[in-house]
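Student: I would like a close look at one part of this protein, with its surroundings added afterwards. Please take it slowly and keep the argument connected.

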Amino acid sequence: MPGYELWGEEEKKHLNDIIESGILMRYNFESVRNNHWKAREFEQAIQKRMHVKHVQLTSSGTTALLTALNSAGVGAGDEVILPTFTFVASFEAVLSAGAIPILVDIDETLTMDPKAVEKAISPRTKVIMPVHMCGAMADVSALKELAKKYNLLLIEDACQSFGGTYRGKYLGTIGDLGCFSFDFVKTVTCGEGGAVLTNKEEYYVNADQYTDHGHDHLGNNRGAENHPYLGLNYRISELHAAVGLAQFEKLDKILSIQRKNKKVLKDALKEVDGVNFRILPDEAGDNASFLSIFLPNKDLAKEVSLELSSKGIGNAYWYDNNWHYIRKWDHLKLLRTLAPLYKEHKELLPNYANADFSQSDVIISKTVTIPISLLWTDEELAKKSEIIKSIVSNVLANK
Ligand SMILES: *Cc1c(COP(=O)(O)O)cnc(C)c1O
């Protein structure tokens with residue numbers, strides 16, 4: 001998963017350009033910045049590689065989501081459909097925009113079930129927001145079709161799937177808008193950072209202005225800029241962008257190591273009867289930062305997860321995880337906020353404390369996910385896959 005494993009001279013070199021010039025701000029200061037524009041360069045590099053018209057860097061993946069929603073005019077009382085399996089930031093962003101998160105079940109892709117999405121569409125629905133979890137894609141074709149049929153926006157939360165593709169197109173570039181995170185544990189990191197991608201000029205101009213207090217960025221005199229509308233400060237700094245630029249240059253290396261390592265683990269587990277794998281709508285486009293396996297049931301999955309941990313094999317059992325699955329999102333279920341909610345929230349939010357997500361429960365409770373490291377040597381990997389295979393075989397043999 002994480003680009004931070006490949007920290008090195010490249011990051012230091014790009015950082016040093018900024019440290020030497022002392023210009024940490026992405027805008028202005030032309031005469032003293034020694035022509036270093038790290039944020040701009042990083043945006044252009046993503047734009048070129050991912051064949052997308054516009055890229056706007058942000059301060060985080062969370063603010064990228066908020067920027068995408070605001071840029072497309074999504075706000076108070078609008079419903080945004082998103083999956084029960086994601087990171088809390090997805091619904092935090094929707095709530096902060098004033099909109100209503102409508103959570104729906106996942107299927108064995110570990111992403112939103114298009115059938116559940118269609119059922120959840122109401123006259124208030126404005127957005128379908130798939131989350132490409134753990135490095136791989138939702139069923140984008142089916143979701144795109146639904147968006148078209150019901151005239152909805154498709155905003156991809158691709159925060160966990162940088163570099164992944166679907167039928168040759170980069171995740172994050174397929175919907176009306178797409179969002180990435182470059183936080184410390186993502187495929188490519190800036191330390192903290194994010195990006196909004198779109199092919200629509202209007203959304204891009206909005207994103208460019210919104211992330212910088214609504215400044216119109218016209219002309220060279222910052223103080224004389226106009227404000228077409230209210231914005232906020234979701235800017236990325238040049239220091240963060242410098243790190244991202246160095247990491248981005250390693251993307252091919254990151255993807256190829258992950259894909260090679262994941263294949264070894266997956267091939268070993270394919271030999272074990274009773275193990276199944278997450279469904280990938282386009283396996284070739286998996287960024288391969290994680291391997292997710294299905295055990296026959298919850299008890300066996302839990303046992304596998306515990307055994308793996310006891311042998312020092314990093315893994316996630318999402319059903320018990322506070323960050324990623326609805327079962328443990330008490331703060332959302334009880335609507336614990338610091339400040340009062342919008343009136344629309346009180347009126348329109350579903351009661352998540354009593355909601356039935358049994359379809360998701362069945363799938364998540366049988367899932368165990370193993371993060372793929374970039375640092376495993378071939379010997380370590382061979383040893384690890386033997387250990388993992390034997391743990392899983394033993395647990396299944398004793399069932
Ligand atoms: C990490 C993540 C985010 C938020 O990104 P930050 O940069 O940490 O704010 C949003 N959605 C998903 C699915 C994520 O994994």
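Where is the place of K186, in terms of the strands on either side?

Tutor: The model is a predicted one, and what follows should be read with that in mind. K186 sits in a loop, the one between β8 (177-181) and β9 (194-198). The UniProt record, an unreviewed entry, places at this lysine the feature "modified residue: N6-(pyridoxal phosphate)lysine". In the model K186 has a relative accessible area of 9%, and because buried means under 20%, the residue is classed as buried. Its side chain is not without a polar partner, since a polar contact of 3.2 Å joins the side chain of K186 to the side chain of D183.

From this lysine one can turn to the cysteines, where the question for a bench reader is whether any disulfide is present. The count of disulfides comes to zero. For C190, the closest cysteine sulfur is that of C159, and the two sulfurs are 12 Å apart, which is too far for a bond, the limit being 2.5 Å. C190 is also buried, because its relative accessibility is 3%. For C159, in turn, the closest cysteine sulfur belongs to C179, but at 6.2 Å that pair is likewise too far apart for a bond. C159 has a relative accessible area of 10% and therefore counts as buried.

The open and enclosed spaces of the model come next. The second largest pocket has a volume of about 410 Å³, and 21 residues line it, with R26, Y27, R40, D208 and H217 lying nearest its centre. Three elements, α2 (38-50), β1 (54-58) and α7 (201-210), each supply at least two residues of that lining, and α2 gives the most, with four residues. Sorted by class, the lining of this pocket holds nine charged, eight polar and four nonpolar residues.

As for enclosed space, a search of the whole structure finds one cavity of 30 Å³ or more. The largest cavity has a volume of about 40 Å³, and it is lined by K262, K266, F277, R278, L280, L291 and S292. The elements that give two or more residues to this lining are α9 (251-270) and β11 (290-294). By class, the lining of the largest cavity divides into three charged, three nonpolar and one polar residue.

Finally, two leucines deserve a look for their backbone. Most residues other than glycine have a negative phi. L110, however, has a positive phi, near 65°, and its place is in the loop between β3 (100-104) and α5 (114-120). With a relative accessibility of 0%, L110 counts as buried. L335 also has a positive phi, in this case near 50°, and lies in the loop between α11 (330-333) and α12 (343-348). At 32% relative accessibility L335 counts as partly exposed, because that value falls between the 20% and 50% limits.

To return to the part you asked about, K186 is a buried residue in the loop between β8 and β9, with a side-chain polar contact to D183 and a modified-residue feature that comes from the UniProt record.

Conventions. Residues are numbered from 1 along each chain as its sequence is written. This is a predicted model: local features need pLDDT of at least 70, side-chain atom pairs count only at pLDDT 80 or more; totals for chains, interfaces and linings use all residues. Side-chain values use heavy atoms; hydrogens and water are left out. On a 1 Å grid over the protein atoms alone, a cavity is a set of points where a 1.4 Å probe fits but cannot get out, and a pocket is an open set with protein on both sides within 12 Å along at least five of seven lines; lining residues have an atom within 4 Å of a point. Grid points are joined across faces, edges and corners, and a volume is the space filled by probe spheres set on the points. Ala, Val, Leu, Ile, Met, Phe, Trp, Tyr, Cys and Pro count as nonpolar, Asp, Glu, Lys and Arg as charged, and the others, Gly among them, as polar. Buried means under 20% relative accessible area, exposed over 50%, partly exposed in between (1.4 Å probe, protein chains only). UniProt positions are given in the numbering used here, feature names are shortened, and annotations may be inferred rather than shown by experiment. A polar contact is a pair of N or O atoms within 3.5 Å; within protein, one must be able to donate a hydrogen and the other to accept it, and residues adjacent in sequence count only if both atoms are side-chain atoms.
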